[in-house]
Amino acid sequence: MASPRTATVRFGTRASALARWQTDHVLGLWRACEPSLAAEIVPFTTVGDDLAEAPLEQMDGTGFFSSTLERALLAGEIDVAVHSFKDLPVAETPGVDIACVPVRGPIEDVLCARDRLDLRGLPPGARVGTSSLRRIAQLRALRPDLHYMALRGNVPTRLGRVDRRELDAVVLARAGIERLGLGGHATEVFSPDHVLPAPAQGAIAVQTRADDVELIERLARLDHAPTRQAVTAERALLHELRGGCSVPVGALARIEHGRVRLEAGVFALAGSPAHRVEASGTSPAEVGTEAARMLLARGAGAILEALDRVPRVSLERPA
């Protein structure tokens, strides 16, 4: 069903400060093209928010932060859903369309450490908090002597644990802390040569119902083709590897002279082995698939299969 141009557009979002920033950002971009846009923000609590202490790699299923919004979209409770792109499952949800992918933000991971230390300056045994197996695996290769601890919660909560000296450092996405005006907490920005980011890190996905042709056409003005091509390649890699947002897979695609160049890696939690490859071509999806096949040929499948033996946490919502 098409949405009349004069109707109020209902934006679904998670309630966190970062999710609200992303929704406000998309709304601002849209209003720059369409000043008369009428909008309503509808916040939701997702399964991932309900289970805020459970490590993502132990949560059974996918779409921990996105499925609630997608269900609301399909039920007609909202018209648009705004997501951190890396939170979306790689399998597309029937009836839902990614109407636009705005210009990507910073892609790097950053260290936020006490006393303005960088990774090299942290003392042996320092406690480093991170929510990501991908980060742990790559950081162990650089500093195997540190103690890596599972960490969940919103960005201010994670930074607060360093301020209170409960942790010596945390590792976060640069895009997240900068979008919240907290970039000054970063004490080191990791080069992708050392810490490859998550597929689609720094990108925002804006979903609509697949049959809402008018909204899709209106949102198309916000789409940034190079960003969409890059994340398409990165997520094609993840799809071929049958991975989600919690597996130790890194990827970064760049668009250069009309070609897609993708760096990709799969990393064992012990810090080794680590498999990294590079693929290029003109079709983003084909480049991602080729990179995945190269990784599997080098033995990356054994790393991913080991994760299947990790005990899982139920995703049923608390009563």
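## Close-up views of a predicted model

**View 1. Strand 13 has a buried face and a face that is not buried.** In strand 13 (residues 274–281), His275, Val277, Ala279 and Gly281 point to one face and are buried. Ala274, Arg276, Glu278 and Ser280 point to the other face and are not buried. Buried means under 20% relative accessible area, exposed over 50%, and partly exposed in between (1.4 Å probe, protein chains only). Helices (H or I, at least four residues) and strands (E, at least two) are DSSP runs, numbered from the N terminus. In a regular strand the side chains alternate between the two faces of the sheet.

The model is predicted: local features need pLDDT of at least 70, side-chain atom pairs count only at pLDDT 80 or more, and totals for chains, interfaces and linings use all residues. Residues are numbered from 1 along each chain as its sequence is written, and side-chain values use heavy atoms, with hydrogens and water left out.

**View 2. Strand 12 and strand 13 form an antiparallel hairpin.** Eight bridges join strand 12 (residues 259–267) to strand 13. Two strands pair if DSSP finds at least two bridges between them. Glutamate 263 stands opposite glutamate 278 in strand 13. Six residues lie between the strands of this hairpin. There, glycine 271 takes a positive phi near 100 degrees.

**View 3. Glutamate 34 and arginine 218 meet in a salt bridge.** The N to O distance is 2.4 Å. Glutamate 34 sits in the loop between helix 1 (17–33) and strand 2 (39–44), and arginine 218 in helix 7 (residues 213–219). The pair links distant parts of the chain, 184 residues apart. How buried are the two partners? Glutamate 34 has a relative accessible area of 6%, and arginine 218 has 1%. A salt bridge is a side-chain nitrogen of Lys or Arg within 4 Å of a carboxyl oxygen of Asp or Glu. A search of the whole structure finds 25 salt bridges.

**View 4. Aspartate 168 forms a salt bridge with arginine 127.** The closest N and O atoms are 3.3 Å apart. Aspartate 168 lies in the loop between helix 5 (155–163) and strand 8 (169–173), and arginine 127 lies in strand 6 (residues 127–130), so the pair ties together parts that are 41 residues apart in sequence. Aspartate 168 is buried, at 9% relative accessible area. Arginine 127 is partly exposed, at 30%.

**View 5. Glutamate 166 forms a salt bridge with arginine 164.** Here the closest N and O atoms are 2.9 Å apart. Glutamate 166 is partly exposed, with a relative accessible area of 34%. Arginine 164 counts as exposed, at 51% relative accessibility. Elsewhere, salt bridges that share partners join Arg254, Glu256, Arg261, Glu263, Arg276 and Glu278 into one network.

**View 6. The buried residues of helix 10 line one face.** In helix 10 (residues 300–307), Ala300, Gly301, Ile303, Leu304 and Leu307 are buried. Seen down the helix axis, they fall within an arc of 160 degrees, so they line one face of helix 10. The arc is that of the directions from the helix axis to the C-beta atoms. The face turned away carries the exposed residues Ala302 and Glu305. The buried residues of helix 10 pack against helix 4 (133–142), strand 11 (249–256), strand 12, strand 13 and helix 9 (284–297). Contact means heavy atoms within 4.5 Å.

**View 7. Five strands form an open sheet with mixed pairing.** The strand order is 2-1-3-10-4. Strand 2 and strand 4 (96–100) are the edge strands, and each pairs on one side only. Neighbouring strands are turned by 35 degrees against each other on average, direction ignored. Axes are lines fitted to C-alpha atoms, for helices over the stretch in contact, and angles run from 0 to 180 degrees between N-to-C directions. Strand 1 (residues 9–14) and strand 3 (residues 80–84) pair in the parallel sense over two bridges. Phenylalanine 11 stands opposite valine 80 in strand 3. Helix 3 (residues 67–74) packs on the sheet, touching strand 1, strand 2, strand 3, strand 4 and strand 10 (204–209). The direction of helix 3 makes about 165 degrees with that of strand 3.

**View 8. Two stretches have pLDDT below 50.** The mean pLDDT of the protein chain is 90, and 88% of its residues reach 70 or more. pLDDT is the predictor's confidence in each residue, from 0 to 100. Residues 48–63 are below 50, with 46 contacts beyond near neighbours in sequence. Residues 311–319 are also below 50, with 23 such contacts. Where pLDDT is low, the predicted coordinates should not be read in detail.
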